[in-house]
Structures are given as C-alpha cells and as structure tokens.
Amino acid sequence: MDLVYKGKTKDVYKLDNGYYLLKFKDDVTGTDGVFDPGANTVGLSIEGAGKAGLRLSKFFFEKLKEMNIPTHYVDADIENNTMTVLPAKMFGNGVEVICRYRAVGSFLRRYGMYVEVGQPLDAYVEVTLKDDLRNDPLITDEGLEALGIMTKEEYKILTDLTRKIAKIVRDELAKKGIELYDIKFEFGRIGEDNHIALIDEISGGNMRAYKDGKHIEPLELERLMLE
C-alpha cells in the first residue's frame with residue numbers, strides 16, 4: 001500500500017488493484033476540545049471514534065447501495081478500521097456539501113440576525129470549497145462554474161443527491177427517536193463516465209444529531225443506531 005494522503009480523521013492509501021483504502025482514526029474535528037463537524041481542525045481524540053465512524057458509514061453506504069444510489073463504497077473491515085473505496089476525482093481541490101434541517105453551527109453564526117437557535121430549515125443545501133486557510137468559503141453554482149470546478153448541471157445533480165441521501169439518513173435516525181439537524185457530505189466523479197457519487201464517510205463525525213433536545217456525540221450516535 002502507498003500512503004497518498006494524511007487527513008485530519010482518515011489516512012488514504014492506494015492499493016495495487018487500483019482501489020483506495022481509508023484508514024479511520026480516533027481524531028475528530030472541533031475547537032478547544034469541543035466536537036464540531038464543521039471545524040477545520042482536529043479538536044480532540046476520542047477512543048473508539050474511528051471504529052464507530054466506520055461502523056455507521058458501513059451501515060449507511062450498504063443501505064445506499066441497495067437503493068442504487070452512486071457512492072465510492074466497496075467494502076469495510078471493521079476490525080482494522082478500514083474501508084475500501086473506488087478511485088474518485090475531486091471537484092477542484094474538494095467541495096463539501098451541507099444539508100441543513102435546523103439552524104445551528106456556522107449557519108447560525110452567519111445568519112443569526114434572521115434566525116433563532118434550532119429554527120427549522122427546509123433541507124437547505126450549502127456548498128463550500130475545501131480550503132482550511134480561507135475557512136471553507138461558501139460558493140454558488142455560478143461561482144463554481146466560473147472557476148471551472150463544476151457545471152450548473154453537475155451542481156443540480158449534486159444538490160439533488162444531497163437532499164435524497166440526507167433524507168435517508170434523517171429517516172433512519174428518526175426510527176431511533178433521533179433528529180438530524182445537519183449533515184456534511186463530499187462528492188466526486190467516478191468511473192469512465194465521470195458520474196457524480198458520494199465519497200468520504202457517513203458518520204456521527206459529519207452530522208449534528210439530537211435526542212430529547214440534547215446533542216449526541218459521535219460514539220453515542222453509533223451505539224444508539226446499531227445496538
């Protein structure tokens with residue numbers, strides 16, 4: 001295996017067969033020791049976080065596979081904290097897509113003049129550029145097209161997929177009495193036809209979920225969902 005990228009929460013290796021291996025770590029994003037899925041820095045390490053993230057990702061990716069929704073997922077090895085995935089081409093240097101059902105986090109910080117904490121949002125989708133130095137700036141479909149990152153047609157496919165996948169996650173959480181406030185996804189182009197597919201992970205580390213009005217940490221979310 002060749003190490004090709006050391007990430008904040010995962011390391012990426014290239015395999016001899018052309019696939020890639022994601023090695024999940026116990027580091028989670030946050031600030032000053034407080035978990036925050038939207039943060040650009042590793043805030044803390046939680047023992048078992050990597051395995052929990054992988055277990056929940058496997059659960060959701062296999063559900064999406066059954067529904068013929070395009071992803072990069074091949075299989076997962078829970079014991080070794082690894083997930084095998086298809087090679088994907090990034091949009092530029094990477095984009096992140098957030099689907100919001102309630103006003104929290106960076107949305108609340110930006111638009112607090114107009115919204116209250118936890119105010120309902122109708123599956124509002126935001127796209128940001130992955131750029132730690134510039135704090136992941138928001139960008140519109142016109143901006144993405146102007147910069148040659150993606151076309152407006154690709155943007156429409158990406159946002160439609162985001163709402164569709166987020167609803168699947170939201171519905172699964174609701175079965176356990178858990179409410180999804182927001183979730184962050186990443187997408188890439190896969191295969192010879194460059195179709196848009198979900199990449200990265202679907203875990204407690206990239207969503208905010210609440211039960212009985214209380215925020216659920218990533219490990220607890222995995223336990224509640226898979227117990």
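These are my notebook entries on a predicted model, taken sheet by sheet and then through the helices, the core and two loop residues.

**Entry 1. The five-stranded sheet**

I started with the sheet that contains the N-terminal strands. It is an open sheet of five strands in the order E1-E2-E3-E8-E7, and the pairing is antiparallel. The edges are held by E1 and by strand E7 (73–77), each of which pairs on one side only. I looked up the twist as well: neighbouring strands are turned by 25° against each other on average, with direction ignored.

I then went through the pairs. Strand E1 (residues 2–6) and strand E2 (residues 10–14) are antiparallel and share four bridges. Lys-6 stands opposite Asp-11 of E2. The connection from E1 to E2 is a hairpin of three residues.

E2 also pairs with strand E3 (residues 20–24), antiparallel, over five bridges. I noted Val-12, whose bridge partner in E3 is Leu-22. The hairpin between E2 and E3 has five residues, and Gly-18 in the turn has a positive phi of about 95°.

On to the next pair: E3 is joined to strand E8 (residues 82–85) by four bridges, and the two run antiparallel. Lys-23 has Thr-82 of E8 as its bridge partner.

**Entry 2. The three-stranded sheet**

Next I looked at an open sheet of three strands, ordered E5-E4-E6, with antiparallel pairing. Strand E5 (34–35) and strand E6 (42–45) each have a single partner strand, so one side of each is left without a neighbour in the sheet. Strand E4 (residues 27–31) pairs with E6 over three bridges in the antiparallel sense. Within that pair I recorded Val-28, which has Leu-44 of E6 as its bridge partner.

**Entry 3. Helix H1**

What does H1 lie across? I found H1 across E3, E7 and E8, running at about 145° to E7.

I checked H1 against a helix too. The axes of helix H1 (residues 49–66) and helix H5 (residues 218–226) come within 9 Å and cross at roughly 40°. That angle makes H1 oblique to H5. The contact uses Ala-49, Ala-52, Arg-55, Leu-56, Phe-59 and Phe-60 on the H1 side. On the H5 side I listed Leu-219, Leu-221, Glu-222, Met-225 and Leu-226. The crossing of H1 and H5 is left-handed.

**Entry 4. Strand E11 and its partners**

How many residues of strand E11 are buried? I read 11 of the 12 residues in E11 (residues 179–190) as buried, so the strand is mostly covered.

I looked up three pairings of E11. Strand E9 (residues 95–102) runs antiparallel to E11 and is joined to it by five bridges. In that pair Arg-100 stands opposite Asp-182. Strand E13 (residues 207–211) is antiparallel to E11 over four bridges, with Ile-183 opposite Met-207. Strand E12 (residues 195–199) is antiparallel to E11 over five bridges, with Glu-186 opposite Ile-199. E11 and E12 form a hairpin with four residues between them, where Gly-191 has a positive phi of about 80°.

**Entry 5. The nonpolar core**

I then turned to the largest nonpolar core, which has 48 residues. Those with the most contacts inside it are Leu-144, Val-169, Leu-173, Ile-183, Phe-187, Ile-202 and Leu-221. Helix H4 (residues 152–174) supplies the largest share, eight residues.

I followed Ile-183 further. Leaving out residues up to four places away in sequence, Ile-183 touches Val-97, Ile-98, Cys-99, Ala-166, Val-169, Ile-202, Asn-206 and Met-207. Met-207 is also the residue that stands opposite Ile-183 in E13.

**Entry 6. Positive phi outside glycine**

I noted the background first: most residues other than glycine have a negative phi. Against that I checked two residues.

Asp-136 has a positive phi of about 50°. Asp-136 is in the loop between strand E10 (120–129) and helix H3 (141–146). Buried or exposed? Asp-136 has a relative accessible area of 12%; the cut-off for buried is under 20%, so I entered Asp-136 as buried.

Asn-194 has a phi near 55°, also positive. Asn-194 lies in the loop between E11 and E12. Its relative accessible area is 32%, and I entered Asn-194 as partly exposed.

Key. Residues are numbered from 1 along each chain as its sequence is written. This is a predicted model: local features need pLDDT of at least 70, side-chain atom pairs count only at pLDDT 80 or more; totals for chains, interfaces and linings use all residues. Side-chain values use heavy atoms; hydrogens and water are left out. A nonpolar core is a set of buried Ala, Val, Leu, Ile, Met, Phe, Trp, Tyr and Cys residues joined through side-chain atoms within 4.5 Å. Buried means under 20% relative accessible area, exposed over 50%, partly exposed in between (1.4 Å probe, protein chains only). Contact means heavy atoms within 4.5 Å. Two strands pair if DSSP finds at least two bridges between them. Axes are lines fitted to C-alpha atoms, for helices over the stretch in contact, and angles run from 0 to 180 degrees between N-to-C directions. Angles under 35 degrees count as roughly parallel, over 145 as roughly antiparallel, 65 to 115 as roughly perpendicular and the rest as oblique. A crossing is left-handed if the near helix is turned anticlockwise from the far one by less than a right angle, and right-handed if clockwise.
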